[in-house]
Amino acid sequence: MIYWLFNCVVEQAFPYLMWPGIALFFSGFLSLFMMITFDTHSLEGQENKEENKEENKEEKKEEKKDKTEEVVSNRSGREYGILCYPAEGGRTSYLPYGEKTFEEVAFLYVERGVRYFCRMNMSPEKEMTMYKENGEWYCQTSGQEPIRVLLQLRHPEKEWHGFEINKREYLKRAIQYRLEVPHFVTLTNDSDIDESVICRRE
């Protein structure tokens, strides 16, 4: 009797329970699909975020590098070299960018508006050039300062007259007084000076 009543209830209730059950099944399946899709997008978003973070780091590095190079061309603080030129007490001294101690440099000659010096304290000695551009004086050391250095000069240009000599005069004076000539000072093919009589530094 009980079994018969149970079968009757099931037969009566099945049509009413079938559609809600199907709807519940598809609802759960849709929820699972949305969760998987959301997790996938979250992972992609995290990866993109990490990539953007790395790109920002690279951009900041480049900006820092550019600012470092720009500092050399600015007159803020003491972000430039100092040159005591002409010589003070018979010596010319140069304070390189970022250094605290002056070093001895020797003026050699001027050619086509460019002044050539020898940085004596370096081994081997290095050639330093000084030139004017857009109203500012700059210097650059061969093989040492890849970026030109803005100069602060201790003496005005009007004091340079009579102190400077050209390359030929420099070499003639070096030969006359047996002065050592740096290895980087070369002769042109049309020069009337004999290389054999020049005293070169070892």
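Helices and strands here are DSSP runs, with at least four residues for a helix and at least two for a strand, numbered from the N terminus. On that basis, this predicted model has 2 helices and 9 strands.

**Overall layout**

The order of elements from the N terminus is α-β-β-β-β-β-β-β-α-β-β. The chain counts 202 residues, and 26% of them are buried. About 14800 Å² of the chain is exposed. Carbon and sulfur atoms supply 55% of that area. Among contacts with a separation of 6 or more, 37% link residues 24 or more positions apart.

**The largest pocket**

The largest pocket holds about 400 Å³ of space. Its lining has 20 residues, and the closest to the centre are Ala-106, Phe-107, Leu-108, Tyr-170 and Leu-179. Three elements each give two or more residues to this lining: strand 2 (91-95), strand 3 (103-111) and helix 2 (167-176). Strand 3 provides the largest share, with 5 residues. By class, the lining of the largest pocket comprises 13 nonpolar, 2 polar and 5 charged residues.

**Helix 2**

Helix 2 contributes to the pocket lining and also has a buried side. Its buried residues are Lys-167, Tyr-170, Leu-171 and Ala-174. These residues span an arc of only 95 degrees around the axis, so they sit on the same side of helix 2. Their cover includes strand 3 and strand 8 (180-181). Strand 3 therefore appears twice, as cover for the buried residues of helix 2 and as the source of the largest share of the pocket lining. Tyr-170 also has two roles: it is buried in helix 2 and is among the residues closest to the pocket centre.**Thr-129 in strand 5**

Thr-129 belongs to strand 5, which covers residues 126-133. Is Thr-129 buried or exposed? Its relative accessibility is 16%. Buried means under 20%, so Thr-129 counts as buried. Beyond its neighbours within four places in sequence, Thr-129 is in contact with Val-114, Arg-115, Tyr-116, Tyr-138, Cys-139 and Gln-140.

**Backbone exceptions**

Most residues other than glycine have a negative phi, and most peptide bonds are trans. Four places in this chain depart from those patterns, as tabulated here.

| Site | Backbone feature | Value |
|---|---|---|
| Tyr-85 and Pro-86 | cis peptide bond | omega about 0 degrees |
| Ser-123 and Pro-124 | cis peptide bond | omega about -5 degrees |
| Arg-112 | positive phi | phi near 55 degrees |
| Asn-134 | positive phi | phi near 55 degrees |

The cis bonds have distinct settings. Pro-86 lies in strand 1, residues 81-88. Pro-124 is placed in the loop between strand 4 (114-119) and strand 5.

Both residues with positive phi are in loops. Arg-112 falls in the loop between strand 3 and strand 4. Asn-134 occupies the loop between strand 5 and strand 6 (136-141). How exposed are they? Arg-112 has a relative accessible area of 79% and is exposed. Asn-134 is exposed as well, with a relative accessible area of 76%. The cut-off for exposed is over 50%.

Technical notes. Residues are numbered from 1 along each chain as its sequence is written. This is a predicted model: local features need pLDDT of at least 70, side-chain atom pairs count only at pLDDT 80 or more; totals for chains, interfaces and linings use all residues. Side-chain values use heavy atoms; hydrogens and water are left out. On a 1 Å grid over the protein atoms alone, a cavity is a set of points where a 1.4 Å probe fits but cannot get out, and a pocket is an open set with protein on both sides within 12 Å along at least five of seven lines; lining residues have an atom within 4 Å of a point. Grid points are joined across faces, edges and corners, and a volume is the space filled by probe spheres set on the points. Ala, Val, Leu, Ile, Met, Phe, Trp, Tyr, Cys and Pro count as nonpolar, Asp, Glu, Lys and Arg as charged, and the others, Gly among them, as polar. Buried means under 20% relative accessible area, exposed over 50%, partly exposed in between (1.4 Å probe, protein chains only). Contact means heavy atoms within 4.5 Å. Accessible areas come from the Shrake-Rupley method with a 1.4 Å probe; for residues, only the protein chains shown count as cover. The arc is that of the directions from the helix axis to the C-beta atoms.
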